[in-house]
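Good morning, everyone, and thank you for making room for me. I would like to walk you through one structure, beginning with a pair of strands and working outwards from there, so please have a look at it on the screen.

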Amino acid sequence: MKLIALMKKEFHRFFHDPRLIITMLLPGVLIFLLYTFIGEIAHSDDRREFKVYLSGSSAVVAVIEQTLSENEDKVEWLPLEDEEAARAAVRDGEATAILKFSENFDLFGEDASVGIIYDNGSEDSTYFYSVVSSILIGVGMRFPIEAETVKEDAAIGAEILSGLLPMLIVCFIFSACMSVTLESVAGEKERGTLSTILVTSAKRSHIALGKIIPLSCISMLGALSSFLGVALSMPKLMGLSLGFLGGYSVWSYILMLVLILSTVPLIVSAIAAVSALSRSVKEASAYTGVLMIFTMVLSIVTSFLPAMGSWISAVPIFNAVVSMQGILKGELPVLTSLLSLGINLVYTALLVFILTKLLSSERIMFGK
Amino acid sequence: MEEIVRAEGLKKTFTLSKKQQRIEKTGETRRVAVNGLSFSAYRGEIYGLLGPNGAGKTTALRMLSTLIRPDEGDAFLCGHSIVKEPERVRDVVGFLTSDLKLEGFFTPDYLFGFFGAMHGVEKQVVAERKRELFARFGIDKFAEVPVKDLSTGMLQKISLVISIVHDPEVVIFDEPTNGLDVLTAKVVTDFLCELKAMGKSILLSTHIFSLVEKLCDRVGIIIDGKLAAEGTLEEVAMGNLEETFFRMYRERKGEIV
């Protein structure tokens, strides 16, 4: 009954204050709008420099140069000697595309053909392909363009997302947890309202859980809002289509949710413990800021150095980052994800125990 | 008379921070706030702890309400030890002090219900007590106004009714009339008399002589954390409480200022 009353109070505090709701949900909306906007800008006004391997010749080449120069774009033509090496260069981003005209190319001839090999993961390469195809169609070409891509669509999206998204998710979870937990624990301690609860006969463990459970649920809303904001705007930011998001199975989404669900209470408990140790919201913010930077840096390292060994499974938060990477790459790391869930829950329980001890300590709660 | 509160050799020492040592120009690292305090309070009486600022009154009351633990000694409230059974003690004690604040966002109505639940009081009983106490203190008109928008006097009344939401046997009030206007102060002191008439035991700390003379049946004078005198008001005052207090103070401290 006391635990329920404590939990209800936290929910009441949050859901009856429109400012808190807006503060919690707004980041997701802003992230979506901002990233989409940046994506629009970033992929519309660039002056591009293309390196294209050319085989055969045609008057169309001059038209392509002319068209590109109108947008102040430049193109450098390289002779196509070794097609495999050229393909590798396109795949690695060293060249834009390969353009192949058939021998004695005649735009209106019966045997004429144009082949273009481009990198569908590169904005520049895709743009070059669209320019060339528009020109050929515009001049009245009578044959189809033989277009070939060097990467699978889903693979490109997954590659980018698996590197960035887990780190961003952890950052957004952290920010969401910070905004409510600091105010609820350090804020109540600073204002003296926590002492009023401590003087009642509620158990310290109930007071700790009465904070952690509702704050985790509330933080979850904020984290999901930010997650959706990032997930929906990221393709636009990267110049990709939203379609490949549907390429993940229901289990991928369930595992992802499980990982987020286990990470939120862990971070809330950690921030709550730091808040209980601090004398004011300001002090708690400073300590939590350091904790956040530490988490972010390690998340980035984990994101871009995937071969870190199995020991990472024992490290809370980072095990979740590695599992999320796997999911976004299209794998289904069930064992690692469940291990992460278990380990995160163990650490959460440990932190709840520490918070209970801190709430029982008069030096921490009432020390000047 | 039934003994409701018994303090036995309570001692509490605090560590002085470097900053405090600098401010007070002292090299001592520990300060004894309460030093071997023993006294008893009985059912249906008001017991006053009288002393100057820094004498250890608030520390003694905070130990009795289990907010802090004594370094030595123990106290029993309704037979429950503050050291061994702090949660049981909290169920029989109502504590009012300026250090305990109410969250400004919530309304008196919500807070009364919340603290009722915190003490495990049935919803129906809480509703009944709320109706009765809110009407008694004129809070009913402000029941749905967030606490942050209320006056100091109204806030003190709300803090008072919330501290006794669970109908405790022992009511501990630390400087109950501090910062109140004369009208609110009278409402509070009248209510203390009502609680006494209801058979509750009241412990209050104050440095206001007139308050002790008006309310207290028994009084303990506390100077430097030690009990300098204890007894009925007549026994301790010996005709004039103020003069007796200053004489005791001079005997122990040597000077008034």
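Let me start in chain B, where strand β7, covering residues 170–174, pairs with β8(B) in the parallel sense, over five bridges. To put a residue on that pairing, the bridge partner of I172(B) in β8(B) is L203(B). Between these two strands the chain passes through helix α7 of chain B, residues 182–197, on its way from β7(B) to β8(B), and this β-α-β crossover is right-handed. I should say at once that what you are looking at is a predicted model, and please keep that in mind throughout.

Now, which other strand pairs with β8(B) in the parallel sense? That is β3 of chain B, residues 46–50, and its pairing with β8(B) also runs over five bridges. Here Y47(B) has L203(B) as its bridge partner in β8(B), and you will remember L203(B) as the partner of I172(B) as well.

With β3(B) and β7(B) both introduced, we can ask about β8(B) itself: how many of its six residues are buried? The strand, which spans residues 201–206 of chain B, is mostly covered, and six of its six residues are buried. If you follow the directions in which they point, S201(B), L203(B) and S205(B) go one way from the strand, whereas I202(B), L204(B) and T206(B) go the other way, and residues in both groups are buried.

Stepping back to the whole of chain B, its secondary structure comes to ten helices and ten strands, and buried residues make up 42% of its 257 residues. Among contacts between residues at least 6 apart in sequence, 71% join residues at least 24 apart. The C-alpha atoms fill a box of roughly 55 × 45 × 35 Å along the principal axes. As for overall size, the radius of gyration of chain B is 19 Å, which agrees with a compact globule, because a globule of 257 residues would have a value near 18 Å.

Finally, let us turn to where the chains meet, with 20 residues of chain A in contact with 20 residues of chain B. On the chain A side, the elements giving two or more residues are α1 (2–15), α7 (193–198) and α13 (362–366) of chain A, and α7(A) gives the most, with five residues. Sorted by class, that side of chain A has seven nonpolar, six polar and seven charged residues.

Terms used
Residues numbered from 1 in each chain as written. Chains lettered and ligands numbered in written order. Predicted model: local features only at pLDDT ≥ 70, side-chain atom pairs only at ≥ 80, totals over all residues. Contact = placed C-beta atoms within 7 Å. Helix = DSSP H or I, 4+ residues; strand = E, 2+ residues; numbered from the N terminus. Nonpolar A, V, L, I, M, F, W, Y, C, P; charged D, E, K, R; others polar. Rg over C-alpha atoms; globule rule 2.2 N^0.38 Å. Buried ≥ 20, exposed ≤ 12 C-beta atoms within 10 Å, placed from the backbone. Pairing = 2+ DSSP bridges. Right-handed = clockwise from strand over helix to strand, strands pointing away.
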